[in-house]
Amino acid sequence: MLRHTHASLCIDKGIDVELISKRLGHKNSRVTREIYIHKTNKQQELEFESFRNIQF
């Protein structure tokens with residue numbers, strides 16, 4: 001569980017997925033992306049803001 005939290009918090013801080021993958025000891029970043037990286041509340045808010053600011 002801590003690995004999931006750690007990976008998500010690193011993403012929130014803008015750390016590259018490749019670096020996180022190496023830190024977790026994965027062979028490649030695909031494993032990190034598919035298993036360990038989940039959208040956190042902060043990421044969801046940033047995503048919402050990005051779409052909210054689109055003007056048509």
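Visitor: What does the secondary structure of the protein come to?

Guide: In this predicted model, the secondary structure consists of four helices and zero strands, and along the sequence the pattern reads α-α-α-α.

Visitor: And what box do the C-alpha atoms fill?

Guide: Taken along the principal axes, the C-alpha atoms occupy a box of roughly 45 × 20 × 15 Å. The radius of gyration is 13 Å, whereas a compact globule of 56 residues would have one near 10 Å.

Visitor: How much of the protein counts as buried?

Guide: Of the 56 residues, 27% count as buried. The accessible surface comes to about 4800 Å², and carbon and sulfur atoms account for 56% of that area.

Visitor: What share of the contacts joins residues 24 or more positions apart?

Guide: Among contacts with a separation of 6 or more, 38% are between residues that lie 24 or more positions apart in the sequence.

Visitor: Let's go helix by helix. Which residues of α1 are buried?

Guide: Helix α1 covers residues 2-12, and its buried residues are Ala7, Ser8, Cys10, Ile11 and Asp12. These buried residues pack against α2, α3 and α4.

Visitor: What does Gly14 do just after α1?

Guide: Gly14, which follows just after α1, takes a positive phi of about 85 degrees.

Visitor: Moving along, where does His26 lie?

Guide: His26 is in the loop between α2, which spans 17-24, and α3.

Visitor: Buried or exposed, that His26?

Guide: His26 counts as buried, because its relative accessibility is 15% and the cut-off for a buried residue is under 20%.

Visitor: What is His26 in contact with, leaving aside its neighbours in sequence?

Guide: Once the neighbours within four places in sequence are left aside, His26 is in contact with Arg3, Ser21, Val31, Thr32 and Tyr36. Of these partners, Arg3 belongs to the range of α1, residues 2-12, and Ser21 to that of α2, 17-24, while Val31, Thr32 and Tyr36 fall within α3, residues 29-36.

Visitor: Different topic: how many salt bridges does a search of the whole structure find?

Guide: The search finds two salt bridges. One is formed by the side chains of Glu34 and Arg30, at 3.0 Å from N to O, and the side chains of Arg52 and Glu49 meet in a salt bridge at 3.1 Å, again N to O.

Visitor: Where do Glu34 and Arg30 both lie?

Guide: Both are in helix α3, four residues apart, which is about one turn of the helix, and both are exposed.

Visitor: And how far apart are Arg52 and Glu49 in helix α4?

Guide: Arg52 and Glu49 are three residues apart in helix α4, so about one helical turn separates them. An α-helix has 3.6 residues a turn, so residues three or four places apart point the same way. As for cover, Arg52 counts as exposed at 52% relative accessibility, while Glu49 counts as partly exposed at 30%.

Visitor: Staying with α4, what should its 12 residues span?

Guide: At 1.5 Å a residue, the 12 residues of α4 should span 16 Å, and the end C-alpha atoms are 16 Å apart, so the expected span and the model agree.

Visitor: How many of the 12 residues of α4 are buried?

Guide: The number buried is one, so α4 lies largely in the open. Leu46, which has its place in helix α4, counts as exposed at 53% relative accessibility.

Visitor: How far apart are Leu46 and Ile20?

Guide: Leu46 and Ile20 are 26 residues apart in sequence, and their C-alpha atoms are 21 Å apart in space.

Visitor: And Ile35 and His4, how far apart are they?

Guide: Ile35 and His4 are 31 residues apart in sequence and 8.2 Å apart in space, C-alpha to C-alpha. Ile35 lies in helix α3 and is partly exposed, with a relative accessible area of 43%.

Visitor: Last one: which residues form a nonpolar patch on the surface?

Guide: The patch is formed by Phe51, Ile54 and Phe56, which together have about 440 Å² of accessible area. Phe56 lies in the segment after α4, a helix that covers 41-52, and Phe56 is exposed, with a relative accessible area of 96%.

Technical notes:
Residues are numbered from 1 along each chain as its sequence is written. This is a predicted model: local features need pLDDT of at least 70, side-chain atom pairs count only at pLDDT 80 or more; totals for chains, interfaces and linings use all residues. Side-chain values use heavy atoms; hydrogens and water are left out. Patches are made of residues with over 30% relative accessible area and no salt bridge: like charges are joined within 9 Å, nonpolar side chains (Val, Leu, Ile, Met, Phe, Trp, Tyr) within 5 Å. Accessible areas come from the Shrake-Rupley method with a 1.4 Å probe; for residues, only the protein chains shown count as cover. A salt bridge is a side-chain nitrogen of Lys or Arg within 4 Å of a carboxyl oxygen of Asp or Glu. Helices (H or I, at least four residues) and strands (E, at least two) are DSSP runs, numbered from the N terminus. Buried means under 20% relative accessible area, exposed over 50%, partly exposed in between (1.4 Å probe, protein chains only). The expected span of a helix is 1.5 Å times one less than its number of residues. The radius of gyration is taken over C-alpha atoms; the globule rule is 2.2 Å times the number of residues to the power 0.38. Contact means heavy atoms within 4.5 Å.
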